[in-house]
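Student: Could you please take me through one part of this protein in close detail? I should like to understand how its aromatic side chains are placed and what empty space is found in the structure.

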Amino acid sequence: MIAREIKPGVWSLSAIDWERKLFDELVPLPEGTSYNAYLVRGSEKTALIDSVHPKMADDLLAALRKLGVTQLDYIVSNHAEPDHSGAIPALLAAYPQAKVLANVKCRSLLKGSFDLPAETLTLIQDKQRLSLGDRTLQFLWVPWVHWPDTTITYLEEERIAFTCDFLGAHLATSDLYADDEARVERAALTYYAEIMMCYRPNVVKALQRLQELPLDLIAPSHGPVHARPEFILDLYRRWSGDATRAQVVIPYLSMYESTAKMVAYLVDRLMEKGLSVQPYNVVDLDSGRYASSLVEASTLVFASPAVLDGPHPAMASAAFLTNALRPKARFAAIIGSYGWGPTMPETLRAMLPLLNADWLAPVNIGGAPKADTYAALDRLAEEIAQANAEGAASDVE
Ligand code: FEO
């Protein structure tokens with residue numbers, strides 16, 4: 001780890017995890033990730049904002065020693081998840097006089113994960129200001145982006161918002177700043193989809209709180225620092241807003257090619273109508289790519305064969321993920337094929353109670369597709385095209 005100064009007396013201490021392939025045993029990390037702590041040296045006090053993953057605690061301590069930090073007064077915990085708070089016990093062992101600042105929810109979660117001495121934990125309130133001498137920190141509560149405890153710490157004099165997970169990206173890079181905006185946008189989109197999308201109303205509220213602040217830098221705890229804050233703020237406004245794109249995402253799988261033939265036919269008809277279409281085979285689903293495509297899609301079509309009286313378990317898993325992510329799609333449909341039991345659509349739909357979409361009539365057939373199947377798919381394609389055209393006034397072009 002190297003310390004890099006982002007403003008006078010403000011240092012990025014980024015633990016770059018080049019090797020990590022998976023987060024939470026769930027989220028693919030095709031480009032690794034980083035855990036960023038930030039050091040703020042005031043004329044009287046020194047504060048560390050967030051820490052790093054516990055496996056990289058020694059790197060953080062070595063970087064602090066190299067910077068000559070002999071006294072650490074505050075450790076601000078914006079968020080208790082261990083990838084940002086897991087090095088706090090090691091920090092307290094090295095700097096036993098430091099106070100850990102956390103809001104009431106964060107304090108409770110920290111207590112659940114770590115055996116921290118009670119006297120070290122100090123509560124912070126929303127909008128509370130803390131003087132470091134010639135520097136002032138302000139704490140803004142922004143709960144549920146993505147845990148209930150989240151705080152943004154704002155350094156007033158340097159106009160830096162330390163946003164922890166919010167506005168971050170899983171990206172291992174030597175770039176200190178988000179200069180490669182195309183690359184950062186891809187990583188930030190996937191991160192938003194997986195972590196933030198299900199809390200869209202809270203994302204909007206958090207953006208409104210940031211809008212009140214003059215900003216030179218946004219310094220998240222994953223990925224590079226934003227020296228052009230409007231870049232990431234504009235993306236988040238678009239992703240979290242109500243507008244959708246005329247895009248159809250089709251999670252599917254097939255056992256005897258019947259559902260696959262239906263999907264191929266529907267994809268062609270939708271493309272003929274000028275819609276953007278993205279099918280995903282859910283048997284080996286890349287959940288990061290799939291989640292990213294849900295961020296602005298207007299329409300979801302679930303395509304599954306029946307297993308017993310419900311969807312194939314791989315589709316049930318995709319439906320569980322979709323329901324948990326709560327995409328803003330406005331239209332949804334189910335298509336598929338069964339051997340002997342026709343109840344798959346009802347069972348699958350019941351797995352998606354949080355998908356707040358208008359459901360179009362399913363196309364569910366016994367056995368292989370025939371002329372009447374293709375006619376029904378023609379009607380579904382027309383319905384999807386019409387629904388999207390009617391909603392186009394508020395769609396993103
Ligand atoms: Fe990066 Fe919610 O922790």
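Tutor: Trp-239 is a buried residue, with a relative accessible area of 1%. Please keep in mind that the model is predicted.

Trp-239 belongs to one of the 9 aromatic pairs that the structure holds. Its partner in this pair is Tyr-192: the ring centres are 5.5 Å apart and the planes meet at 40°, a tilted arrangement. Tyr-192 is part of helix 5, residues 181-196, while Trp-239 is part of helix 7, residues 229-240, so the pair ties together parts that are 47 residues apart in sequence. Like its partner, Tyr-192 is buried, and the relative accessible area of Tyr-192 is 0%. Another pair is made by Phe-302 and Trp-359, whose ring centres lie 6.4 Å apart; the angle between their planes is 25°, so this pair counts as stacked. Because Phe-302 sits in strand 17 (residues 297-307) and Trp-359 in strand 20 (residues 358-359), this pair links parts that are 57 residues apart in sequence. Phe-302 is buried, with a relative accessible area of 0%.

Tyr-192 and Trp-239 also belong to one aromatic cluster, together with Phe-166 and Tyr-236.

Rings can also have a charge placed over them. The charged end of Arg-20 sits over the ring of Phe-23, at 4.2 Å from the ring centre. Similarly, Arg-269 lies over the face of Tyr-265, with 4.5 Å to the centre of that ring.

Phe-23 leads us to the empty space, for this residue is among those lining the second largest cavity. That cavity holds about 50 Å³ of space. Its lining also includes Asp-24, Glu-81, Asp-83 and Asp-165, as well as His-146, His-170 and His-222. Sorted by class, the lining has 4 charged, 3 polar and 3 nonpolar residues.

In total, the structure has 3 cavities of 30 Å³ or more. The largest of them has a volume of about 80 Å³. It is lined by 14 residues, and those closest to its centre are Arg-4, Ser-14, Asp-175, Gly-223 and Pro-224. Strand 2 (10-17) and strand 5 (33-41) each contribute at least two residues to this lining. The lining of the largest cavity consists of 6 nonpolar, 6 polar and 2 charged residues.

Helix 5, the helix that carries Tyr-192, also takes part in the largest pocket, where it supplies the largest share of the lining, 6 residues. This pocket has a volume of about 290 Å³. Of its 17 lining residues, Pro-30, Glu-31, Arg-186, Ala-187 and Thr-190 lie nearest the centre. By class, 6 are nonpolar, 5 polar and 6 charged.

Helix 9, like helix 5, gives at least two residues to the lining of this pocket. Helix 9 spans residues 287-294 and is mostly covered, since 7 of its 8 residues are buried. Among the buried ones are Tyr-290, Ala-291 and Leu-294. The elements that cover the buried residues of helix 9 include helix 5, strand 17 and helix 10 (313-325). Strand 17 is thus in view again, as the strand in which Phe-302 lies.

Technical notes:
Residues are numbered from 1 along each chain as its sequence is written. This is a predicted model: local features need pLDDT of at least 70, side-chain atom pairs count only at pLDDT 80 or more; totals for chains, interfaces and linings use all residues. Side-chain values use heavy atoms; hydrogens and water are left out. Rings of Phe, Tyr and Trp (its six-membered ring) pair if their centres lie within 6.5 Å; planes under 30 degrees apart count as stacked, over 60 as edge-to-face and the rest as tilted. Helices (H or I, at least four residues) and strands (E, at least two) are DSSP runs, numbered from the N terminus. Buried means under 20% relative accessible area, exposed over 50%, partly exposed in between (1.4 Å probe, protein chains only). A charge sits over a ring if NZ of Lys or CZ of Arg is within 6 Å of the ring centre and within 35 degrees of the ring normal. On a 1 Å grid over the protein atoms alone, a cavity is a set of points where a 1.4 Å probe fits but cannot get out, and a pocket is an open set with protein on both sides within 12 Å along at least five of seven lines; lining residues have an atom within 4 Å of a point. Grid points are joined across faces, edges and corners, and a volume is the space filled by probe spheres set on the points. Ala, Val, Leu, Ile, Met, Phe, Trp, Tyr, Cys and Pro count as nonpolar, Asp, Glu, Lys and Arg as charged, and the others, Gly among them, as polar. Contact means heavy atoms within 4.5 Å.
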